[in-house]
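Welcome! Here is a short briefing to help you find your way around a structure you have not met before. Please take a look at the sequence and the model first.

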Amino acid sequence: MPQRQSAFLSVRNINKQFGSHAALADVSLDIVPGELVCLLGPSGCGKTTLLRIIAGLEQQNSGVIMLAGRDISNAPPQARDYGILFQSYALFPNLTVAQNVAYGLSGKRGLKEKIAERVQEMLALVGMSGASAKYPGQLSGGQQQRVALARALAPSPSLLLLDEPMSALDARVREHLRIELRTLQKRLSITTLMVTHDQEEAMVMADRIAVMNKGVIEQFATPRALYRAPASPFIADFVGEANWLPCVRLDAHRAQLGSHELHVGTPMGEPTRKLFVRPEAVRVLTSPEPAPNTLLAKVLDGVFLGRNYRLSLRLDGVPDVTIQAIVPSQTGDALMGPHAASHCRIELPSSELHGYA
């Protein structure tokens with residue numbers, strides 16, 4: 001994670017209207033040099049609109065964009081010093097791989113020898129050295145995206161913009177390419193802004209994630225902070241999986257769940273009507289003895305996931321409430337065997353409980 005420092009890309013109070021629809025509402029964002037930030041959110045949340053405004057492909061109604069201390073709010077795209085990678089690759093089918101990569105260099109580098117040298121350098125960088133003479137139609141999807149990345153990086157831009165660059169690829173290729181792209185981004189230390197709707201992709205690749213919903217940024221934080229301390233129920237549901245438990249707030253650190261009193265580590269404001277806990281945070285205990293933040297649960301079902309089981313549990317003393325727990329396979333085997341007890345004792349750790357209105 002880059003140390004906090006002056007912003008390289010600064011977006012201030014961006015608003016965008018499409019007719020009566022507010023696509024972006026007073027959005028602000030700072031990205032430091034060398035950082036990879038993901039804009040994450042569902043379709044229609046405004047993330048692609050924000051990227052296009054930064055690229056100069058859409059015009060904001062109001063707001064300021066600063067890049068390396070320079071106001072580019074109204075600059076044309078070619079004057080903004082960025083490389084961009086789209087999900088559709090956008091390669092020219094009638095040009096060779098080398099010609100595609102060289103396309104953005106013709107106006108910037110005068111000598112053909114220097115252009116050819118830069119093209120080969122970029123193709124080597126993305127692992128496509130032997131493909132210079134091929135055409136896009138002769139390449140796989142992953143190879144085409146590597147060529148598109150080489151073309152985006154060839155002019156040595158100060159900023160890299162990625163618009164869902166791997167969404168058109170199959171799962172295995174996508175998994176490999178995201179690791180390669182992140183490794184390359186770190187190696188080049190190029191400031192990068194990526195749009196994605198894939199939360200796993202954002203968690204794997206980003207230094208920080210801006211989660212967007214209905215035209216605003218609801219939380220901008222590290223992947224760890226987003227996952228462990230979501231700022232809203234929307235983020236808790238969108239990033240990872242969530243159990244929601246109806247409760248009555250007793251004070252800032254105590255809540256009543258059915259017939260059980262639970263301690264909540266993070267202070268709860270008023271009103272608090274539900275508790276949130278991740279499935280993997282629910283602990284199945286070997287001891288049947290009561291203890292703080294523990295309660296009995298009936299095992300309703302279990303799904304074997306290889307290293308883990310996903311258990312469906314009904315909580316005793318909490319009418320009509322079931323929760324999901326992800327437990328190690330050995331624990332699941334013991335609970336799902338033919339001679340297993342129908343009940344187990346579980347713990348809801350106070351440090352993993354969060355209260356929401």
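The points below go from the whole chain to its sheets, a helix residue and a pocket.

This is a predicted model. Its chain has nine helices and 21 strands, and 46% of the 357 residues count as buried.

**The chain as a whole**

- Along its principal axes, the C-alpha trace spans about 80 × 45 × 40 Å.
- Take the contacts in the chain with a separation of 6 or more: residues 24 or more positions apart account for 65% of them.

**The six-stranded sheet**

- Six strands form an open sheet with mixed pairing, and their order is β6-β7-β8-β3-β9-β10.
- At the edges of this sheet are β6 (82-86) and β10 (216-221), each of which pairs on one side only.
- On average, neighbouring strands here are turned by 15° against each other, direction ignored.
- Strand β3 (residues 36-40) pairs with strand β8 (residues 191-196) in the parallel sense, over five bridges.
- If you would like one pair of residues to look for, C38 stands opposite M194 in β8.
- Helix α1 (residues 47-55) lies across several strands, namely β3, β6, β7 (159-163), β8 and β9 (208-213). The helix runs at about 145° to β7.

**The three-stranded sheet**

- A second arrangement to look at is an open sheet of three strands in the order β11-β15-β21, with antiparallel pairing.
- β11 and β21 (354-356) are the edge strands; each has a single partner strand, so one side of each has no neighbour in the sheet.
- Neighbouring strands of this three-stranded sheet are turned by 35° against each other on average, direction ignored.
- Four bridges join β11 (residues 243-246) to strand β15 (residues 274-277), and the two pair in the antiparallel sense.
- Within this pairing, W244 has F276 in β15 as its bridge partner.

**Two faces of strand β11**

- In a regular strand, side chains alternate between the two faces of the sheet.
- Strand β11 shows such alternation: N243 and L245 point to one face and are buried. W244 and P246 point to the other face and are not buried.

**A charged residue in helix α4**

- Is R146 buried or exposed? This residue, which lies in helix α4, counts as buried because its relative accessibility is 16%, and buried means under 20%.
- Leaving aside neighbours within four places in sequence, R146 is in contact with V126, M128, L177 and E180.

**The largest pocket**

- Rolling a probe the size of a water molecule over the atoms shows where empty space is left.
- The largest pocket holds about 550 Å³ of space.
- Its lining is made up of 16 residues, and those nearest the centre of the pocket are Y82, G83, I84, G104 and P155.
- Two elements, β6 and α4 (141-153), give two or more residues to this lining.
- Which element gives the most to the lining of the largest pocket? That is β6, with four residues.
- β6 therefore appears twice in this briefing, as an edge strand of the six-stranded sheet and as a part of the pocket lining.
- By class, the lining of the largest pocket has 10 nonpolar, three polar and three charged residues.

Technical notes:
Residues are numbered from 1 along each chain as its sequence is written. This is a predicted model: local features need pLDDT of at least 70, side-chain atom pairs count only at pLDDT 80 or more; totals for chains, interfaces and linings use all residues. Side-chain values use heavy atoms; hydrogens and water are left out. Two strands pair if DSSP finds at least two bridges between them. Axes are lines fitted to C-alpha atoms, for helices over the stretch in contact, and angles run from 0 to 180 degrees between N-to-C directions. Contact means heavy atoms within 4.5 Å. On a 1 Å grid over the protein atoms alone, a cavity is a set of points where a 1.4 Å probe fits but cannot get out, and a pocket is an open set with protein on both sides within 12 Å along at least five of seven lines; lining residues have an atom within 4 Å of a point. Grid points are joined across faces, edges and corners, and a volume is the space filled by probe spheres set on the points. Ala, Val, Leu, Ile, Met, Phe, Trp, Tyr, Cys and Pro count as nonpolar, Asp, Glu, Lys and Arg as charged, and the others, Gly among them, as polar. Buried means under 20% relative accessible area, exposed over 50%, partly exposed in between (1.4 Å probe, protein chains only).
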